[in-house]
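Let's ask how the labels on a structure are earned. Each answer sets a value against a rule.

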Amino acid sequence: MTQKVAVLGAGKIGEALLSGMLRGGWSPSNLLVTARRSERARELRERHGVESVGNPEAAERADTLILTVKPQDMGTLLDELAPHTPVERLVISGAAGIPTSLFEERFQPGTPVVRVMTNTPALVDEAMSVVSAGTHATEAHVALAEEIFNGVGKTLRVPESQQDACTALSGSGPAYFYFLVEAMTDAGILLGLPRDKAHDLIVQAAVGAATMLRDSGDHPVTLRENVTSPAGTTINAIRELENHRVRAAVLDALEAARDRSRELAAGKG
């Protein structure tokens, strides 16, 4: 925690990381932020007590750079950083679909790069962040990335070859649950419930089910069967889901998300 870390392009996820580090014991004096808009930079200074600087200055002063800009903005940021980034800087990328090899090509030879795919539950400290080492990243570099992202949830270390699959499953995963909750809320209204009551029922069911999945150690099939009585209401609903090929649709959807992640890695906007 004596290192100086810069969060570049501090939007919602970047600010969540910043907040997590501060709660984890990092000193504000060891944290830098950059933001595209001056008013955003001022907001971060006032809210967290950290110093805001330009991207070149962050590259020169920080020991670790966390790049949290959108993938389509990464090229511009790298153009700005590359002339000012010494080879010993650790670069942590949070951009979906962009491989560590791209950063290694843009920075000086030997620059350590760690790729991290996180998701929006970082905003409530419930993220799952998937961590992969680049060619020149050491165990210490990966451990530091895990320490930072553990401040907003959990981390999982995987080979970089699995990052696209993790992006499809976990990075985009919250959206699938929101989509399902939206559909179930509409169903509740169709069945005669007010929207607010349908929403509350479904959200609590989702929270309870997720907690049981996490804490019970039981397989999801076992937990589902515990709710599914013979000739009961649940099995009739499950039959309709199977008739509409919901399981197959989920498989197709995640394959599509993985393929899009690969397209982004190949530079196909």
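Q: Why is Asp259 called partly exposed?
A: This is a predicted model. In it, Asp259 has a relative accessible area of 33%. Buried means under 20%, and exposed means over 50%. The value for Asp259 falls in between, so Asp259 is partly exposed.

Q: What makes Asp259 and Arg258 a salt bridge?
A: Their side chains meet at 2.8 Å, N to O. The rule asks for a side-chain nitrogen of Lys or Arg within 4 Å of a carboxyl oxygen of Asp or Glu. The pair meets that rule, so it counts as a salt bridge.

Q: Why is Arg40 called buried?
A: Arg40 has 12% relative accessibility. Buried means under 20%, so Arg40 counts as buried.

Q: What is the partner of Arg40 in helix 2, and how is that partner placed?
A: Arg40 forms a salt bridge with Glu43, with the closest N and O atoms 2.4 Å apart. Both lie in helix 2 (residues 38-48), 3 residues apart, about one turn of the helix. Glu43 is partly exposed, because its relative accessibility is 32%.

Q: How do you know that Asp79 is exposed?
A: Asp79 has 51% relative accessibility. Exposed means over 50%, so Asp79 counts as exposed.

Q: What makes Asp79 and Arg106 a tie between parts of the chain?
A: They form a salt bridge, with the closest N and O atoms 2.2 Å apart. Asp79 lies in helix 4 and Arg106 in helix 5, so the pair ties together parts that are 27 residues apart in sequence.

Key: Residues are numbered from 1 along each chain as its sequence is written. This is a predicted model: local features need pLDDT of at least 70, side-chain atom pairs count only at pLDDT 80 or more; totals for chains, interfaces and linings use all residues. Side-chain values use heavy atoms; hydrogens and water are left out. Helices (H or I, at least four residues) and strands (E, at least two) are DSSP runs, numbered from the N terminus. Buried means under 20% relative accessible area, exposed over 50%, partly exposed in between (1.4 Å probe, protein chains only).
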